[in-house]
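Biologist: I'm new to this one, could you walk me through it once it's on the screen?
Modeller: Gladly; let me bring it up and we can start from a single residue.

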Amino acid sequence: MIFGRKKRKPITIVDKKVVDWKYAVCGYCSTGCSIEVGLNSEGKPVASRGKGNAPVNQGKLCIKGIFEHELSGTAGRGTEPLVRNKIYDSFQPASWDVALDKTAAEFMRIQEKYGRDSVAVVSTGQLLTEEFYTLGKLVRGVLGTNNYDGNTTLCMASAVSGYKRSFGADGPPGCYDDFESTHCLLAFGSNLPEQHPIIYWRLKEALEKRKFPLIVIDPRVTMFAQFADIHLPITPGTDLVLLNAFAHVILAEGLQDESYIAAHCNGFDEFKATVAKYDPVTASRICGIDADMIKNVARIYAKAPSAMSIWTMGINQSTHGTDGVCGINNLNLITGNIGIPGGTSLSITGQCNAMGTREWSSCSGLPGYRMLEKQEHRDEVAKFWGVDEAFFPAKRGLQQTDIFPAIESGEIKALWIVATNPLTSMPNQPRIKKALEKLEFMVVQDGYKDCETVNFAHVYLPGALWGEKEGVQTNTERRVNLVRKFVEPPGQAKPDHWVFSELAKRFERGRAMSFPETSSDIFDEMKSLSKGDKRNLDISGMSHDLIEAQRGIQWPMREGEETGNPRLYSDGVYPTPNGKANLLAMDYIEDNEVPNKSYPFWLNSGRVVEHFHTRTKTGKIGNLNKFSPTPYMEMNPDSAREQGVKHQSYVRLVSKRGDAVVMVQLTQRVPHNMVFIPMHYHDCVNRLSLGLLDPYSRQPAFKQCAVRIEQIDQQEAARLNVERRAF
Ligand SMILES: Nc1nc2c(c(=O)[nH]1)N[C@H]1C(S)=C(S)[C@@H](COP(=O)(O)OP(=O)(O)OC[C@H]3O[C@@H](n4cnc5c(=O)[nH]c(N)nc54)[C@H](O)[C@@H]3O)O[C@H]1N2
Ligand SMILES: Nc1nc2c(c(=O)[nH]1)N[C@H]1C(S)=C(S)[C@@H](COP(=O)(O)OP(=O)(O)OC[C@H]3O[C@@H](n4cnc5c(=O)[nH]c(N)nc54)[C@H](O)[C@@H]3O)O[C@H]1N2
Ligand code: SF4
Ligand SMILES: [Mo]
């Protein structure tokens with residue numbers, strides 16, 4: 001019997017006529033999949049496939065990876081530098097010499113007039129590590145401004161400060177292989193199947209071989225929550241309360257690992273006294289999770305022979321993001337679940353090279369996780385670079401979220417944006433726009449000239465993108481992997497490290513230093529700087545060729561070792577003054593914007609699988625953009641009925657900051673008092689968001705603020721939406 005159409009055409013796979021496959025690691029998320037890009041006889045990228053036998057993805061790719069070759073030749077790329085004197089004038093094409101001379105001259109003029117720190121630099125998690133290192137060298141050794149940070153403050157900053165507070169240093173201690181041996185997985189504020197599809201596939205593979213409990217904590221019924229054994233729909237922003245309550249139950253029932261605590265932890269008594277206040281009944285009133293369920297989950301976790309926790313933005317993007325991270329670390333320390341197979345605190349990172357910038361960009365200090373505050377680190381780097389140690393600032397300067405207010409107050413006069421699009425991605429967009437208008441000078445260095453932030457630049461520098469340059473990236477499990485260059489950048493676009501070295505030459509200090517030209521020479525420089533006694537971030541055993549041969553290597557890999565190391569802290573020794581980890585006593589303080597009578601809904605935001613961030617890339621790939629081309633919000637059908645709102649109609653959302661028009665998608669995914677908007681659209685969720693900051697990491701609480709819903713004329717709304725899609 002034949003089903004379906006009578007005259008079915010047989011499925012044919014078009015022969016793309018690939019003549020050569022080039023090795024790369026994916027340039028979207030931090031999973032770090034190894035890809036091969038197929039080139040036809042004209043050298044054009046025409047196909048992508050997962051690299052077989054790659055430790056991360058074993059030949060698999062997600063939908064973004066499968067179409068990644070299509071990025072080559074997309075519309076909107078910058079092909080030549082552009083300059084203008086005033087922001088609303090039209091841009092004039094310029095040579096690199098003219099654009100870089102102008103940039104250097106303006107930086108010098110402004111620094112001379114207002115001081116070194118009046119020029120700020122904001123970078124990204126999306127350059128190659130060699131480029132991050134070179135930018136760090138330029139900023140710390142030549143420009144000398146201390147107001148230097150990256151978009152990672154919107155993303156990973158809470159995980160970094162949490163790791164530092166608990167363990168004494170940054171660096172996720174576990175790996176994906178831990179799924180193979182764990183006996184329980186807790187996932188906080190992460191939607192793994194959509195945001196890290198191949199890590200999710202690794203988890204599913206492990207679960208198919210051997211079942212263990214999967215518990216997802218998320219106010220939304222995400223795809224991940226649907227797949228979980230237990231879903232805890234937590235009240236937004238209250239994870240710390242739940243974590244303290246888990247610890248309360250574990251200690252009250254004597255389920256802790258006494259010997260691990262005694263041998264490897266500081267601060268137990270104070271910690272115990274604090275969590276004593278978070279009994280499950282009291283906690284349940286704040287975090288919205290039933291007291292018996294809290295006990296149940298705490299027992300499952302503590303009794304498992306090994307248990308692990310992962311988390312992403314639901315934890316980091318909160319007013320107690322860092323405390324949430326430390327709460328997770330506390331849980332794993334008291335149960336002895338650090339550094340063992342299947343036992344870890346694994347922050348799932350975000351951008352393809354979010355780790356590379358943490359390791360090597362010097363944003364938070366000096367390269368290789370060194371600190372400005374440590375004399376021996378300052379001396380070491382100063383000598384290595386050939387600069388005066390006194391030129392380095394005494395301590396870290398402003399972070400991204402403090403740089404914009406400093407523009408408002410007049411402290412910062414010039415801004416250099418590298419590979420990030422803050423006009424769309426920062427909270428409270430109306431305020432960001434005003435700040436950018438106030439600058440005396442702004443440079444935007446981006447692969448795409450149609451990225452919204454370019455509209456406020458005086459100089460635009462076209463950067464080469466993924467596959468147009470060679471270098472490494474580090475993924476969530478500390479695996480360093482390689483992108484080979486397989487295609488030329490369009491027009492005059494140049495690799496970012498070239499731009500950094502060329503700019504350095506325009507300063508006297510820069511001419512006195514050396515800036516290697518090739519990315520493997522830069523890598524060699526990083527290797528020798530990474531060598532050292534007891535350094536975890538040691539890459540001295542790696543090389544570009546070896547990385548490709550092993551399809552990615554996890555640091556540390558010391559000189560003489562054959563491969564990398566899957567876990568940190570397996571010996572229970574932490575990089576703190578006494579070698580022990582810190583248990584942290586943290587009280588919950590309610591400090592969010594919460595719904596009230598005038599603004600009765602929580603506004604939650606995040607991502608969808610087919611888009612990446614501000615869509616400069618995925619908005620132009622037909623097979624990705626067609627799934628969600630329009631700004632929309634998820635809304636619960638019951639509250640929609642109460643508000644008189646219909647499926648697929650447009651509404652206006654209003655917060656204390658601004659308003660946005662979105663299409664309504666009714667779904668039970670969100671609770672009655674919440675709406676959810678993907679972050680990908682310009683002039684949308686971040687016109688509404690508030691972004692209160694975590695006190696330690698300065699990361700914005702993107703996931704929580706309050707809005708109300710208003711009806712809007714449907715034709716007017718449709719017109720607004722079409723205008724917005726005018727890419
Ligand atoms: N397809 C795709 N993949 C991506 C990206 C992308 O843009 N597109 N971006 C990459 C980057 S940079 C990042 S940072 C990651 C982000 O990856 P994820 O963090 O997994 O993604 P989000 O959708 O931002 O947020 C995850 C969840 O946090 C939940 N959440 C909100 N508030 C709370 C809370 O108070 N507590 C808890 N426990 N959960 C809460 C939300 O409901 C949401 O489901 O994804 C990476 N991968
Ligand atoms: N409401 C809300 N807002 C959020 C979030 C949220 O969950 N909710 N999440 C936050 C998070 S976690 C993140 S990471 C940020 C991301 O926010 P952004 O960093 O602003 O997002 P992207 O669109 O990735 O911007 C990167 C830019 O770099 C360019 N680019 C890419 N590769 C290169 C390169 O090699 N060289 C050069 N020169 N340019 C390059 C791209 O074209 C793009 O314009 O958004 C944050 N904003
Ligand atoms: S899971 Fe992430 S790294 Fe892997 S193919 Fe998809 S976007 Fe790329
Ligand atoms: Mo991110």
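**A walk through the model**

Modeller: Let's begin with Arg165 which, apart from neighbours within four places in sequence, is in contact with Thr322, Asp323, Cys326, Asn582, Leu584, Met586 and Tyr696. Please keep in mind throughout that this is a predicted model.

Biologist: Which helix does Arg165 lie in?
Modeller: Arg165 belongs to helix α4, which covers residues 157–167. As for one of its contacts, Thr322 is 157 residues away along the chain, and the C-alpha atoms of Arg165 and Thr322 are 8.7 Å apart.

Biologist: And is Arg165 buried or exposed?
Modeller: Arg165 is buried, because its relative accessible area is 17%, and the cut-off for buried is under 20%.

Biologist: Switching to ligands, which residues are closest to ligand 1?
Modeller: The closest are Gln195, Asp218, Gly237, Arg607 and His611, out of 34 residues that surround ligand 1. If you prefer to think in elements, α6 (192–195), α14 (313–316) and β21 each provide at least two residues of the shell around ligand 1.

Biologist: What about polar atoms around ligand 1?
Modeller: A nitrogen atom of ligand 1 has a polar side-chain atom of Asp239 at 2.8 Å, and a polar backbone atom of Val608 lies 3.0 Å from a nitrogen atom of the ligand. On the oxygen side, an oxygen atom of ligand 1 is 2.9 Å from a backbone N or O atom of His613. Taken on its own, ligand 1 has 910 Å² of accessible area, and the protein covers 100% of it.

Biologist: Where does His613 lie?
Modeller: His613 is in the loop that runs between β21 (601–606) and α25 (622–625). His613 counts as buried because its relative accessibility is 16%. Setting aside residues within four places in sequence, the contacts of His613 are Gln126, Gln351, Arg607, Met679 and His680.

Biologist: Gln126, does that one come up again anywhere?
Modeller: Yes, with ligand 2, where Gln126, Asn151, Ser425, Asp446 and Thr614 come nearest among the 33 residues around the ligand. An N or O atom in the side chain of Gln126 is 2.7 Å from an oxygen atom of ligand 2, while an N or O atom in the side chain of Thr614 is 2.5 Å from an oxygen atom of the ligand. Ligand 2 taken alone exposes 930 Å², of which the protein buries 99%.

Biologist: Which elements supply the shell around ligand 2?
Modeller: Both β15 (441–446) and α27 (685–688) supply at least two residues each to the shell around ligand 2.

Biologist: How do the two spaces rank as cavities?
Modeller: The largest cavity is the space taken by ligand 2, and the second largest is the space taken by ligand 1.

Biologist: New topic, what does Trp96 touch?
Modeller: Not counting residues up to four places away in sequence, Trp96 touches Pro81, Leu461, Pro462, Gln492, Lys494, Trp498 and Val499. With Gln492 there is also a polar approach, since the backbone oxygen of Gln492 is 2.8 Å from a polar side-chain atom of Trp96.

Biologist: Why does Trp96 count as buried?
Modeller: Trp96 counts as buried because its relative accessibility is 8%. Along the chain, Trp96 lies in helix α2, residues 96–114, and its C-alpha atom is separated by 9.1 Å from that of Leu82, which is 14 residues apart from Trp96.

Methods: Residues are numbered from 1 along each chain as its sequence is written. Chains are lettered from A and ligands numbered from 1 in the order in which they are written. This is a predicted model: local features need pLDDT of at least 70, side-chain atom pairs count only at pLDDT 80 or more; totals for chains, interfaces and linings use all residues. Side-chain values use heavy atoms; hydrogens and water are left out. Helices (H or I, at least four residues) and strands (E, at least two) are DSSP runs, numbered from the N terminus. Buried means under 20% relative accessible area, exposed over 50%, partly exposed in between (1.4 Å probe, protein chains only). Contact means heavy atoms within 4.5 Å. A polar contact is a pair of N or O atoms within 3.5 Å; within protein, one must be able to donate a hydrogen and the other to accept it, and residues adjacent in sequence count only if both atoms are side-chain atoms. A residue is near a molecule or strand if one of its heavy atoms lies within 4 Å of it. Accessible areas come from the Shrake-Rupley method with a 1.4 Å probe; for residues, only the protein chains shown count as cover. On a 1 Å grid over the protein atoms alone, a cavity is a set of points where a 1.4 Å probe fits but cannot get out, and a pocket is an open set with protein on both sides within 12 Å along at least five of seven lines; lining residues have an atom within 4 Å of a point. A molecule sits in a cavity or pocket if more than half of its atoms lie within 2 Å of its grid points.
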